[in-house]
Amino acid sequence: MSEVSIRPALITAVLPDSIAAEIGFEIGDRLVSINGQRPRDLIDYQFLCADEVLALEVLDTAGKPHQVEIEKDYDEDLGLEFESALFDGLMQCNNRCPFCFIDQQPPGMRQTLYLKDDDYRLSFLYGSYLTLTNVSQREWDRIEQMRLSPLFVSVHATEPDIRSQLLKNPRAGQLLEQLRWFQERRLQIHAQVVLCPGINDRDHLTRTLLDLFEFHQDDVPAVASVAVVPVGLTRFRPSEDELIPVSREKAQEVIAQVQDLQAKFRQQVGSTFAWLADEWFLLAHQELPPESHYEDYPQLGNGVGSIRQFLKQFQSAARKLPKQLAQPRRLTWVVGNAVEQAFQPILDRFNQVQGLEVSMVAIASQYWGQTMTVTGLLTGQDILHTLKERELGDAILLPSLMLKHNDTCFLDDMTVADLSQQLQTPMLIVGDVEHLIETVMGEG
């Protein structure tokens, strides 16, 4: 990628009491270069800023260039935040996976929802998954030189023909060679398998997990962990996509199959290695594994152990709940119906507090056309349709994961304010366990 395509990085925040604040950086300034090099992304920025002496080229809000020289401690942060982690644009996906959620959305939603991210830099920085099919030789060299590890890779299948069928890309069949590349350089990945019944299940799933396990047995395992996730389908998906929803019976079959392999992995290396997403147990109507099963939660971002961790954190934090409230309080807690049974102990504990009444409304998304829905996929329209005829109490509790990051928009672009106005009820956005408890108690 040429330097011409690297945009000066737009500064969106200057942290108080930081070096940048002392020098006089302002929101709206743009960083052009560091010691004569133009950073492509946040990785370059962090690497170049590690030096003790920096010469920065900056454009102010009027577009006027400035030269700034800084002396600082090695690795000391400047205190700048940027509009994007990528200054030269997003590397988009060149695959056509039939289960891609981006292709299962209706037209007319916010534009960012249609961007297909397949960028190794976002994988390294934030844990997003990529396929490795569009990594050029220049980028492979950079991954090696800068030791960008671990990366998070969507594997789905290790058999070349099955993976190429799933990704609709002949280059997808190179995966095992790419894993050997990571192994030779002592770099790591975390893998995920989106299981599609009839395509990469049964013997294909066993083959995939055994192949990946071969790359786990070195002192620096090239494949650190694997998550097996059920395919998620919506009513907007193409009719010719050949995909079958995961049934309760299929979920039970996959759980039994993977648990047999987990026992073998633990026997050989003392680790479960391949984990099932929580959703499998919810679909199968089975108990979640105990908290000890998840080791150090290597696949938490894939929903592996997230419910069990949330319940454990709640159990600990709930010790400070009062016996009663000074003022009576009635709340409606909105969640996806996938977690209804799992979250019942939380609801029961809240309602032990005298003067507090929390009602859970567990919703399946009509918008997406699903019979079982995780909380993060609920839209404003789903909530409005379900709650409009109900008695809602003093306020509605909305988990923040329903909303766009740092925003108040649902996936369907309805805002929290719009929903509140139509339901004539205040909305309380809740995040982690501590925040949930504080908000329920009226302290947040």
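1. Let me start with the cysteines, in what is a predicted model. C409 has a relative accessibility of 15%, so it counts as buried, the cut-off being under 20%. C196 is buried as well, at 1% relative accessibility. As for cross-links, the disulfide count comes to 0.

2. Next, helix α10, which covers residues 306-317. Does its length hold up, and what span should its 12 residues have at 1.5 Å a residue? The expected span is 16 Å, and the C-alpha atoms at the two ends are 16 Å apart, so the two values agree. The buried residues of α10 are I307, R308, F310, L311, F314 and A317. You may like to read that list against the helical repeat: an α-helix has 3.6 residues a turn, so residues three or four places apart point the same way. Among the elements that cover the buried residues of α10 are α9 (278-284), α11 (344-350) and α14 (433-440).

3. One residue of that helix deserves a point of its own. F314 pairs with F350 in an edge-to-face arrangement, with 5.3 Å from centre to centre and 80 degrees between the planes. Because F314 sits in helix α10 and F350 in helix α11, the pair ties together parts that are 36 residues apart in sequence. Both rings belong to buried residues: F314 has a relative accessible area of 5%, and F350 has one of 0%. In total the structure holds 14 aromatic pairs. Elsewhere, Y45, F82 and F87 make up one aromatic cluster.

4. Now the nonpolar cores. Which residues touch the most other members of the largest one? They are W280, W333, F343 and F350, out of 94 residues in that core. Helix α8 (residues 248-269) gives the most to this core, with 6 residues. A second, separate core has 24 residues, including L31, L42, I70 and L80. As background, nonpolar side chains in soluble globular proteins tend to be buried together.

5. W333 is worth selecting in your viewer. Setting aside neighbours within four places in sequence, W333 is in contact with F343, I346, L347, V358, S359, M360, V361, L397, P399 and L436. F343 thus appears twice in this note, as a contact of W333 and among the residues that touch the most other members of the largest core.

6. On to the strands near the start of the numbering. Strand β1 (residues 9-14) runs antiparallel to strand β2 (residues 30-34), and 2 bridges join them. Here L10 has R30 as its bridge partner in β2. Strand β1 also runs antiparallel to strand β5 (residues 80-82), this time with 3 bridges. For I11, the bridge partner in β5 is F82, a residue that also belongs to the aromatic cluster with Y45 and F87. When you look at the side chains here, recall that in a regular strand they alternate between the two faces of the sheet.

7. A few backbone features are worth checking by eye. Most residues other than glycine have a negative phi, and most peptide bonds are trans. Where is the cis peptide bond? The cis bond joins S149 and P150, with omega at about 0 degrees, and P150 lies in the loop between α4 (137-146) and β6 (151-154).

8. Two residues that are not glycine have a positive phi. D17 has a phi of about 65 degrees and is found in the loop between β1 and α1 (19-23). H156 has a phi of about 70 degrees and belongs to the loop between β6 and α5 (160-167). Is each one buried or exposed? D17 is exposed, with a relative accessible area of 75%, whereas H156 counts as buried at 3% relative accessibility.

9. Last, a look at G393. This glycine lies in the loop between α12 (380-387) and β12 (395-399). With a relative accessible area of 23%, G393 is partly exposed. Apart from its neighbours within four places in sequence, G393 is in contact with R330 and T425. If you want a distance to check, G393 and A362 are 16 Å apart in space, C-alpha to C-alpha, and 31 residues apart in sequence.

Definitions and conventions. Residues numbered from 1 in each chain as written. Heavy atoms only, no water. Helix = DSSP H or I, 4+ residues; strand = E, 2+ residues; numbered from the N terminus. Buried < 20%, exposed > 50% of the residue type's maximum accessible area, 1.4 Å probe, protein only. Contact = heavy atoms within 4.5 Å. Expected span 1.5 Å × (residues − 1). Core = buried A, V, L, I, M, F, W, Y, C linked by side-chain atoms within 4.5 Å. Pairing = 2+ DSSP bridges. Phe/Tyr/Trp six-rings, centres within 6.5 Å; stacked < 30°, edge-to-face > 60°. Disulfide = S-S within 2.5 Å.
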